[in-house]
Amino acid sequence: MIPDKNGNNAQNTAQNAEKMGSFSLFDPVHFVQRVIRNWYWFVLLGFLGYCISYVYSKYYAQRVFSANLSLSISNNTSSYFTPNQSINFIWGQGGNQDGVYLKKILLSRSHNEYLVKKLNLNTNYTTKGLIKTTYLDQEDSPVFLEIDNEHLQQVNYPITIIPKGKDKYEIILPEEGESTNLYSFVSESSESVPAYARPENKTLSVNEWYETPNLKFKLVPNPVVPKKGLENIMVTLIPVNQAVNNIISSIAVDFDKELPSIMIISKSGYNLNNIVGFLNNSVKELIKKRLMDQNTVDQNTVEYLNENLTKIRKKLDSSGAVLNNLKINNRLFDMENIDSKTLAKLTELETQKAELVTKINSLNNIKSSVSTNSIEKMISLNLAGIEDGNFNASVSELKSLYAKRREMAQIYTPNSEPMREINRLINEAKFNSQDGLKKYFEGYYNKLTDLNAEIAKMDQDLVTLPEKQRIFLDAQRGYDIIESTYNTLLTEQAKSQMRVATNQSNLSVIDWAKNLGQGPIAPNVNATKMQIIGGLLLIPLIFLALGELLDNKIRNLKELLSATRIPLLGVIGHNNYDNNLTVLEEPKSSISEAFRAIRANLRFLFDEEQKSKVVLVTSSISGEGKTYVSINIASVLGLSGKKAVLLGMDLRKPKIFGDFKINNKNGISNYLTGQVELEDIINHTSIPGLDVITSGPIPPNPSELLMSDNNMKFIERLKEIYEYVIIDSPPVGLVADSFELIKKADTTIYVARHEYTEKHMLRMISEKYFNKEVVNLGLVYNDFSIKQGYGYGYGYGYGYGYGYGYGYFDEDKNYKEPTIIKIRNKLKMFFNRK
C-alpha cells in the first residue's frame, strides 16, 4: 500500500477519514488463536473437572430411586361411596371420578398416617461411610429400634448403633444437641421437660431397654438376617406429621392415557427396597379399605331390609287374618261378579303402587343419610331406583369432604378460615346431592298420583258391587299390596346378602412394585459431570474473552491498515538476535531483507529531485522499536552506497551509542549548547557511508533544544553533507518534540509494534495525517509474529517498560489516558496481584 507522491490516495479520502482510528472491539480470529495458544489450561481444567465430577458422583451424590405400581379399577362394585360405571357413561372416560377419589385416598393424610404407624416409617435408618451417608431400608438393619410410645422422645436426633458381636450393640449419641422440647407419639405434639445432662453412651443387648430423659427404646433382632454386614447403623426418629408429609411429597398418581381406569402409582426415595415395600403395602391397605366400603353399603342395605321386613311381616300377618276371617264369616272365596280383566288390572296397579311406595321410603332413608351426615349408614341406591352417576359423584365428594373435615379439625379451630371453607364445600355438596334426589321424588310422586287416579277410577266401577263383596275385595287388595311389598323386599334382601357373601374389591393389581435393579432417576450424573467440566472450561474461556475485550493493542496487520489508512512501508518480523544491528550482523536474514524492502519503498515518499533527504523515525510510546528501525534503515542506506548519518535525537533516553559502541560523552546536546563543534560529535562506523551522531548527555531542557533554531540549522547543515539524515526522535505519543522535527523531515516513518502498540495511540497520528498536518508518512509494522506470545524480547537492553512510558520523563505527568484504558490497566493490576 504505497501512496502517490502527494502522500495519500486520491480516492475514498472522505470514507477513509470517517473510519480513521476505528478498531473492532472483538476479533474472533485473534480470539481463537489466543484460545489455541492456551490449550493446556483447557486440558488441565477439563481433567480437573472430570476428577471432581467422579468424586462427587461416587462419594457425595445421593442417588434418588423410583418404583411404580399399576392398578386396575374395575366397575363391578356395589359401593356408592365412590362413583360407578354410570359416571364414565355420563361424563366419558375423562371423568374418571372413581380413580380421582382413589387418588385422593392415596395422597390423603389419614391413609399415609395409618401406614406410617403400621410400618414404623417415623424411624429412618442410614449408615455412614468415610464420606457418604447411605439410606437403608428397615430390613437392611440387623436390629430394629422399637420405641416406647408412652415415653417422650427426642426427634431428629441421630442415634448411632455399633455392632459389637454376640447380640450386643453400642449406643452412641451426638456430642451435643440434647433438647428439652420432646415429642409424644401418642398425642403427636411437643412437650417441654427440665434441662438434663447429656446421656452416656452404652452397650445394649437385644431386647434390653435403653432409657434416658429424652429417649426410651430397645433393639429387636431382625428375623431375616441381612446379607450385608454394616459397621454402623444410624437411626433417627421423626414426628408423624413430618413422616406423612415426606411420603405425600414423594408420591405421584397418574392415569393411563389410553385407559383411564388404570392407575400408575409411583414413589421416589433414597432406598429402592423401602420404596417398593411402601408402595405394595399402601395398595394392599387401599384394597382392604375399598372392599370394606363396598361391603358397608350392602350390609347397611341388609340391615335396612331386615328391619322393614319385620314390620311388613307383621302387617302381612294382620292383613291375612282379616282376609281369612271374612272368608269364614261371609263365606266369600272368589269375586264371581267382577270381570277377571278388571281384577287383573287392579292387582297390577296395586303392585306398582306397592313398589313405588317402597322406593319412596328408601329414597327418604337416603335423603336422611345425606342430610344428617350419616353417609356411613347409607343403603344401596338400587332400592330407590337411583341410577344417576351425578348423584353418586356428589355422594362420593361429600364423603371425601367429611373425611377431610375430620383431619382438619385436628389442626384448625372451628371458626378458622380453612374450616369455614370446608363447611361451605360440604353444604354445597349436600345441596347438589339433595337437588339430585329432588327429581326422583318429583317423578315418584307424580307417578304415584297417576296410579292413585287409575285405582280410584276403577273403584268407581266397583261401587255397584254388593257390600260384602266390596269389603272382601278391599281386604284382598290390602293383603296383595302388603304381600307384593314383602316379596320385593325379600328379593332385594337376597341380592344384598349374596353381594355381601361374594363381594370382591374392584381394585386389582396389574404389576406390583419390584426391585429390578432400576437405576437412579436423580441426580443426572452425566449432566452434572458435563456442568462441572463445562463450568471449569468456561473459566479460562471467560478470562481469555475478557483479555480479548480488554486488549487494546494492535493484533494484526489488517486491523492496523483498516483503521489508520496510512501507507505501509513494510513489516518487520520478531528479532531473535542479541542486539539491534541485525542488518550488519545478519545480512542474509529475513529481517534484513525486510529493511531493504522498506528502503525501496521509501523512494515513493520522496521528491526524486531532492539532493538530500531527512527521514524521521518515531512511534507512539517507547518500546515499540523506533530506535531499532532507525539503526537498521540507516544501515541499509549506508550499505547501499548512500552517504547517511543517524541522529540520536531522543535526548531524554540516549540509546544508539550502545549498539555501535560509541562514547556518548559528546553529542547533539553538547553541540546545540555550543560546547563542541560538529566535527567533534560525528562518529564513523564500520559501514563506510554511515556516520552516527549520538544524543550526548541528558540536558535539563531537551524540548527547548530540539525546537530551537540551532537544531533546525544543525539539520540543514547535515543535509549539505549527507544524502540521508535519519533521525531517531522521541515518541510522539508522549511529547510534542517530534511534531516540530516532523516539519523539517521529508519523510516520516511511524513504527507500530505487534500486540504492543495501543490502538488509541494511533488515532492522533491518523488525524494529523488526514488533516494534512503530516505528509509523506509511512507505517512500519514491527515485531510481527503469528505465534507471538506476551513476553517480548528485542535484546535491546534498554530497560523499556511495557506501559505508556511511565517514568520516561517529567512531562509524562501531563499525559491523560482514556477512561477505558484506565479501567483495563486497573483490572490487569488486580489480576496480576492475584
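**Exercise 1. Find what share of the 834 residues of the protein counts as buried.**

Start with the term: buried means under 20% relative accessible area, exposed over 50%, and partly exposed in between, using a 1.4 Å probe and protein chains only. By that rule, 48% of the 834 residues are buried. Keep in mind that this is a predicted model, where local features need pLDDT of at least 70, side-chain atom pairs count only at pLDDT 80 or more, and totals for chains, interfaces and linings use all residues. Residues are numbered from 1 along each chain as its sequence is written, and side-chain values use heavy atoms, with hydrogens and water left out.

**Exercise 2. Count the helices and strands, then look at the contacts.**

Helices (H or I, at least four residues) and strands (E, at least two) are DSSP runs, numbered from the N terminus. The protein has 25 helices and 23 strands. Next come the contacts, where contact means heavy atoms within 4.5 Å. Among contacts between residues at least 6 apart in sequence, 79% join residues at least 24 apart.

**Exercise 3. Describe residues 39-56.**

First, the record: an unreviewed UniProt entry lists residues 39-56 as "transmembrane region". UniProt positions are given in the numbering used here, feature names are shortened, and annotations may be inferred rather than shown by experiment. Then, the model: residues 39-56 are 100% helix and 0% strand, with the end C-alpha atoms 26 Å apart.

**Exercise 4. Trace the open sheet of six strands.**

Two strands pair if DSSP finds at least two bridges between them. Step one is the order, which reads 3-2-12-5-6-9, with antiparallel pairing. Step two is the edges: strand 3 (133-136) and strand 9 (202-205) each have a single partner strand, so one side of each is left without a neighbour in the sheet. From one strand to the next, the twist averages 35°; axes here are lines fitted to C-alpha atoms, for helices over the stretch in contact, and angles run from 0 to 180 degrees between N-to-C directions. Step three picks one pair: strand 5 (residues 159-165) and strand 6 (residues 168-172) run antiparallel and are joined by five bridges. Within strand 6, Lys168 is the residue opposite Gly165.

**Exercise 5. Trace the open sheet of eight strands.**

Here the order is 16-23-22-17-21-18-20-19, and the pairing is mixed. At the edges stand strand 16 (568-573) and strand 19 (683-684); each has a single partner strand, so one side of each lacks a neighbour in the sheet. Inside the sheet, strand 18 (residues 644-648) and strand 20 (residues 690-693) run parallel, with four bridges between them. Ala644 faces Leu690 of strand 20. Now add a helix: helix 22 (residues 709-721) lies across strand 17 (613-619), strand 18, strand 20 and strand 21 (724-728), at about 145° to strand 21.

**Exercise 6. Work out how helix 16 and helix 17 are arranged.**

Two packed helices are described by the angle between their axes and the distance between the axes. The axes of helix 16 (residues 590-602) and helix 17 (residues 626-639) come within 9 Å and cross at roughly 75°. Angles under 35 degrees count as roughly parallel, over 145 as roughly antiparallel, 65 to 115 as roughly perpendicular and the rest as oblique. Helix 16 and helix 17 are therefore roughly perpendicular to each other. Among the residues making this contact are Phe595 of helix 16 and Ile633 of helix 17.

**Exercise 7. Decide for Ser630 and Ile521: buried or exposed?**

Ser630 belongs to helix 17. With a relative accessible area of 0%, Ser630 is buried. Leaving aside residues up to four places away in sequence, Ser630 touches Val617, Leu646, Ile726, Ile727 and Asp728.

Ile521 sits in the loop between strand 15 (507-511) and helix 13 (525-550). Its relative accessibility is 53%, so Ile521 counts as exposed. Ile521 and Ser66 are 455 residues apart in sequence, yet 6.7 Å apart in space, C-alpha to C-alpha.

**Exercise 8. Explore the largest nonpolar core.**

A nonpolar core is a set of buried Ala, Val, Leu, Ile, Met, Phe, Trp, Tyr and Cys residues joined through side-chain atoms within 4.5 Å. The largest one has 56 residues, and those touching the most other members include Leu71, Leu145 and Phe217. Helix 8 (residues 272-330) gives the most to this core, with seven residues. Apart from this core lies another, of 41 residues, including Leu718 and Val774.
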